[in-house]
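Let us take a walk through this structure together, stopping at a handful of places that reward a closer look.

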Amino acid sequence: MKTLVYRIDETNPNPPEMAELGEIIKKGGLVAFPTETVYGLGGDALNPESSKKIYAAKGRPSDNPLIVHIAAWEDIFLLTKEVPEAAKKLAQAFWPGPLTMILKKSDRVPKETTGGLDTVAIRFPSHKVAQELIKASGGFIAAPSANLSGKPSPTIAKYVLEDLDERVDAIIDGGDIPIGLESTIVDLTAEEPMILRPGFITREMLLSVLDQVKTDPTILDASCRERPKAPGMRYRHYAPKGDLSIVEGSPEEVIAYINRAVSNARETERKTGVIATAESAPYYSADLVKSVGSRENSGEVAASLYRILREFDDENVEVIYSESFSSEGLGEAIMNRLLKAAGHKVVRV
Ligand code: TXA
Ligand code: MG
């Protein structure tokens with residue numbers, strides 16, 4: 001299939017081409033598009049055939065449900081059986097934005113979209129291009145991240161094209177993505193709300209509107225035997241091709257350890273890389289040293305992490321060491337993704 005590429009950005013989110021793109025979705029086709037978190041791979045959420053195509057294009061297991069994107073918050077009532085008070089409060093506080101809510105689905109939503117579950121994930125994105133695409137489609141857009149299954153979510157259009165060219169009808173290049181990590185997922189189907197995936201909307205922010213919020217225990221503890229409640233969190237995700245380890249400790253000891261490990265790896269002729277910060281990057285001696293930004297600026301770290309993981313793939317780096325980051329606030333999401341990318345390989349020095 002030939003993939004059409006459109007360049008549309010937030011300063012002019014509704015050019016005439018948007019109607020064409022909406023038509024593609026209406027006819028059961030797939031369009032990759034920018035959101036404020038990562039690029040999404042969209043199809044008509046109420047059309048079972050579209051959802052099947054999404055799974056096929058990504059190579060994703062069909063028991064891993066899709067998020068339904070809306071462009072008007074009241075649409076939550078059409079897609080769900082009941083909307084608890086907590087969900088209304090969260091919508092008011094954080095929508096449109098990087099928050100996904102799990103609720104009991106209405107009969108309108110096909111099981112193909114929810115991976116066979118009776119619940120549905122709903123998100124109202126704040127990105128204007130995403131909103132205009134949803135409106136132009138005349139319905140709701142089911143969209144996972146626009147990567148091949150198992151790869152880091154794309155935060156620049158180049159990587160959407162790399163993964164999905166000739167697999168989807170169209171790709172909207174909306175430029176760089178501001179947040180860079182997927183939305184926070186909160187399950188509201190049980191008595192107490194539960195975070196299933198940490199994201200830009202942090203626990204502290206959720207607690208500013210909710211009385212209580214739990215976190216899926218598998219996120220906090222890698223050795224936890226329970227199954228993650230979000231099916232997607234069960235798979236090894238976000239994995240770079242190289243062998244990634246995280247090194248934790250004081251900055252001096254981390255630098256010394258990584259430099260030693262890098263020189264050992266070089267003896268076996270493997271290409272080495274380091275995920276560093278602006279503060280530490282000059283002290284490393286690997287083949288490829290990349291800074292995720294200042295350690296003091298977690299927004300910058302979040303926004304560059306996935307791009308940098310992909311760049312290591314592009315350069316065929318075989319052994320990668322990363323510094324560790326604080327787990328406070330947005331750091332919880334950063335460390336969750338980094339630990340998954342590393343298959344939880346952590347060295348404490
Ligand atoms: O920021 C985002 O959320 C991006 C953009 C495109 O909106 N989307 C995204 O979708 O990250 P995806 O498919 O890569 O991740 C969706 C996650 C998966 O872990 C999936 O298992 C979980 O949401 N999920 C979806 N529906 C669910 C449900 N009914 N119950 C529990 N988890 C669900
Ligand atoms: Mg994903």
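## An aromatic pair and its surroundings

W95 has a relative accessibility of 8%, so it counts as buried. This value, like every other one here, comes from a predicted model. F124 is buried as well, because its relative accessible area is 10%; the cut-off for that label is under 20%. The two rings form an aromatic pair of the edge-to-face kind, with 6.4 Å from centre to centre and 65 degrees between the planes. A search of the whole structure finds two aromatic pairs, and the one formed by W95 and F124 is worth following along the chain. W95 sits in the loop between helix 4 (85–94) and strand 5 (99–104), while F124 sits in the loop between strand 6 and helix 5 (128–137), so the pair ties together parts that are 29 residues apart in sequence.

W95 has another feature to offer. The peptide bond that leads from W95 to P96 is cis, with omega near -5 degrees. P96 lies in the loop between helix 4 and strand 5. As background, most peptide bonds are trans.

## Two threonines in one loop

Now to the loop between strand 2 (31–33) and strand 3 (40–44), where T35 is found. T37 is found in the loop between strand 2 and strand 3 too. Are these threonines buried or exposed? T35 counts as buried because its relative accessibility is 2%, and T37 counts as buried because its relative accessibility is 4%.

Their polar contacts are set out below.

| Side chain | Partner | Distance |
|---|---|---|
| T35 | side chain of T37 | 2.9 Å |
| T35 | backbone oxygen of V38 | 2.7 Å |
| T37 | side chain of R123 | 3.2 Å |

Which residues does T35 touch once its neighbours within four places in sequence are left aside? They are G40, R123, H127, A130, I177 and P178. For T37, not counting residues up to four places away in sequence, the list is P98, R123, I177, I179, G180, L181, E182 and S183. R123 and I177 appear in both lists, and with R123 the side chain of T37 also makes its polar contact of 3.2 Å.

## Two helices with buried residues

A130, a contact of T35, belongs to helix 5, where the buried residues are V129, A130, Q131, E132, L133, I134 and S137. Seven of the ten residues of helix 5 are buried, so the helix is largely enclosed by the rest of the structure. What does the covering of these buried residues include? Among the elements that cover them are helix 1 (17–26), strand 2, strand 4, strand 7 (141–142) and strand 8 (170–173). After helix 5 comes G138, with a positive phi near 70 degrees.

Helix 11 (residues 331–341) has eleven of its eleven residues buried, so helix 11 is largely enclosed by the rest of the structure. Its buried residues include E332, R337 and K340, along with I334, M335, L338 and L339. Helix 11 is followed by G343, and the phi of G343 is positive, near 55 degrees.

## The largest pocket

The largest pocket has a volume of about 700 Å³. Of the 43 residues that line it, P65, I67, I102, I185 and A230 are the closest to its centre. Strand 4 (67–69), strand 6 (119–123), strand 9 (184–187) and strand 10 (194–197) are the elements that give two or more residues to this lining. Which strand gives the most? That is strand 6, with four residues. Sorted by class, the lining of the largest pocket holds 19 nonpolar, 14 polar and ten charged residues.

## Positive phi outside glycine

Most residues other than glycine have a negative phi. Against that background, two more loops deserve a visit. E269 has a phi near 65 degrees, a positive value in a residue other than glycine. E269 lies in the loop between helix 9 (251–267) and strand 13 (272–276), and it is exposed because its relative accessible area is 71%. N316 has a positive phi too, near 50 degrees, and is likewise a residue other than glycine. Its place is in the loop between helix 10 (298–314) and strand 15 (319–323). N316 has 48% relative accessibility, so it counts as partly exposed.

Notes: Residues are numbered from 1 along each chain as its sequence is written. Chains are lettered from A and ligands numbered from 1 in the order in which they are written. This is a predicted model: local features need pLDDT of at least 70, side-chain atom pairs count only at pLDDT 80 or more; totals for chains, interfaces and linings use all residues. Side-chain values use heavy atoms; hydrogens and water are left out. Buried means under 20% relative accessible area, exposed over 50%, partly exposed in between (1.4 Å probe, protein chains only). A polar contact is a pair of N or O atoms within 3.5 Å; within protein, one must be able to donate a hydrogen and the other to accept it, and residues adjacent in sequence count only if both atoms are side-chain atoms. Contact means heavy atoms within 4.5 Å. On a 1 Å grid over the protein atoms alone, a cavity is a set of points where a 1.4 Å probe fits but cannot get out, and a pocket is an open set with protein on both sides within 12 Å along at least five of seven lines; lining residues have an atom within 4 Å of a point. Grid points are joined across faces, edges and corners, and a volume is the space filled by probe spheres set on the points. Ala, Val, Leu, Ile, Met, Phe, Trp, Tyr, Cys and Pro count as nonpolar, Asp, Glu, Lys and Arg as charged, and the others, Gly among them, as polar. Rings of Phe, Tyr and Trp (its six-membered ring) pair if their centres lie within 6.5 Å; planes under 30 degrees apart count as stacked, over 60 as edge-to-face and the rest as tilted.
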